[in-house]
Amino acid sequence: MNVFIRTDSWVLASHNPGKIKELEALLAPRGLTVLGAGALGLPEPEETENSFSGNARLKAEAAAHASGRVSLADDSGLSVDALGGAPGVYSARWAGPDKDFTAAMERVRRELEAKGAKDFGARFVCVLALAHPDGETRLYEGEVRGTLSFPPRGEHGFGYDPVFVPEGHELTFAQMDAAAKRAMSHRARAFAAMTADVFGA
Ligand code: IMP
């Protein structure tokens with residue numbers, strides 16, 4: 001049995017309730033108890049790297065070190081083609097200290113308008129880092145391509161979901177229920193790569 005599943009619980013190294021909810025649902029069938037970093041009183045490290053993989057690694061390793069347990073972190077964000085990949089690793093920060101995603105989505109719309117952009121192509125990217133307290137860390141990446149659509153639509157999900165229409169669909173992620181988003185999201189794809197590696201399927 002590999003070192004990551006020779007344990008009965010994992011720490012989810014995130015303070016983002018939207019991500020914790022999605023990761024909990026993805027991990028539920030694996031018979032692992034999941035502990036949120038906030039519930040364990042772990043601090044939220046500053047994201048000082050300029051890549052998704054760098055920040056995912058930093059968060060997972062900080063939680064594994066502080067808790068002595070296997071820890072899973074997600075770093076993710078929205079990359080807009082016409083904005084050179086922005087907001088990218090700054091996706092959460094565009095919402096400011098109040099985590100106001102209505103304002104963040106409006107900033108994306110304004111910046112596209114200011115550029116006279118005709119192409120509203122974008123992708124959500126997710127890198128998962130799985131860190132063992134003894135030192136090994138593995139990384140897994142997933143993405144979903146789509147198009148941005150304004151004004152925001154839908155009540156489900158979190159973050160930029162109300163403006164993101166995945167390729168081949170007409171509804172935004174926020175108009176889909178959790179299961180429909182889970183069938184195609186960047187997080188679910190990174191998760192599938194992780195489970196294939198760790199659980200063998
Ligand atoms: P971080 O990974 O904690 O830096 O935050 C990533 C940010 O990207 C989130 O706060 C959201 O704004 C955005 N994001 C990541 N995944 C999703 C998603 O599935 N839907 C909508 N927004 C997302």
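These exercises, each with a worked solution, walk through a predicted model.

**Exercise 1. Work out the strand order of the sheet and name its edges.**

Step 1. Start with the order. The sheet has 6 strands, arranged S2-S1-S3-S4-S5-S6. The sheet is open, and its pairing is mixed.

Step 2. Find the edges. Strand S2 (33–36) and strand S6 (164–166) are the edge strands. Each of them pairs on one side only.

Step 3. Add the twist. From one strand to the next, it averages 35°.

Step 4. Look at one pairing in detail. Strand S1 (residues 9–12) runs parallel to S2, with 4 bridges between them. Leu12 stands opposite Gly36, a residue of S2.

**Exercise 2. Place helices H1 and H5 against the strands.**

Step 1. Take H1. This helix lies across S1, S2, S3 and strand S4 (121–131). Its direction makes an angle of about 120° with S3.

Step 2. Take H5. This helix lies across S1, S3, S4 and strand S5 (137–148). The angle between H5 and S5 is about 155°.

**Exercise 3. Describe the largest pocket: its volume, its lining and the elements that build it.**

Step 1. Get the volume. The largest pocket holds about 900 Å³ of space.

Step 2. Examine the lining. It consists of 39 residues. Nearest the centre of the pocket are Asn16, Lys19, Glu44, Glu47 and Ala92.

Step 3. Assign elements. Two or more lining residues come from each of helix H1 (17–27), helix H2 (52–67), strand S3 (71–80) and helix H5 (186–198).

Step 4. Sort by class. The lining of the largest pocket has 17 nonpolar, 11 polar and 11 charged residues.

**Exercise 4. Do likewise for the second largest pocket, and find which element gives the most to its lining.**

Step 1. Get the volume. The second largest pocket has about 270 Å³ of space.

Step 2. Examine the lining. There are 16 lining residues, and Gly18, Lys21, Glu22, Gly157 and Ala178 are the closest to the centre.

Step 3. Assign elements. H1 and helix H4 (178–182) each give at least two residues. H1 gives the most, with 5 residues.

Step 4. Sort by class. The lining of the second largest pocket splits into 6 nonpolar, 4 polar and 6 charged residues.

**Exercise 5. Classify the aromatic pair of Phe101 and Tyr160, and locate both partners.**

Step 1. Set the scene. The structure contains 6 aromatic pairs.

Step 2. Check the geometry. The ring centres of Phe101 and Tyr160 are 5.4 Å apart, and the planes meet at 75°. Rings pair when their centres lie within 6.5 Å, and planes over 60 degrees apart count as edge-to-face. The Phe101–Tyr160 pair is therefore edge-to-face.

Step 3. Locate the partners. Phe101 belongs to helix H3 (residues 101–114), and Tyr160 sits in the loop between S5 and S6. The two are 59 residues apart, so this pair links distant parts of the chain.

**Exercise 6. Find the cis peptide bonds at Pro87 and Pro151, and the positive phi at Lys99.**

Step 1. Take Pro87. The bond joining Ala86 and Pro87 is cis, with omega about 0°. Pro87 is in the loop between S3 and H3.

Step 2. Take Pro151. The peptide bond from Phe150 to Pro151 is also cis, and its omega is near 0°. Pro151 lies in the loop between S5 and S6.

Step 3. Take Lys99. Its phi is positive, about 50°, although Lys99 is not a glycine. Lys99 is in the loop between S3 and H3.

Definitions and conventions: Residues are numbered from 1 along each chain as its sequence is written. This is a predicted model: local features need pLDDT of at least 70, side-chain atom pairs count only at pLDDT 80 or more; totals for chains, interfaces and linings use all residues. Side-chain values use heavy atoms; hydrogens and water are left out. On a 1 Å grid over the protein atoms alone, a cavity is a set of points where a 1.4 Å probe fits but cannot get out, and a pocket is an open set with protein on both sides within 12 Å along at least five of seven lines; lining residues have an atom within 4 Å of a point. Grid points are joined across faces, edges and corners, and a volume is the space filled by probe spheres set on the points. Ala, Val, Leu, Ile, Met, Phe, Trp, Tyr, Cys and Pro count as nonpolar, Asp, Glu, Lys and Arg as charged, and the others, Gly among them, as polar. Two strands pair if DSSP finds at least two bridges between them. Axes are lines fitted to C-alpha atoms, for helices over the stretch in contact, and angles run from 0 to 180 degrees between N-to-C directions. Contact means heavy atoms within 4.5 Å. Rings of Phe, Tyr and Trp (its six-membered ring) pair if their centres lie within 6.5 Å; planes under 30 degrees apart count as stacked, over 60 as edge-to-face and the rest as tilted.
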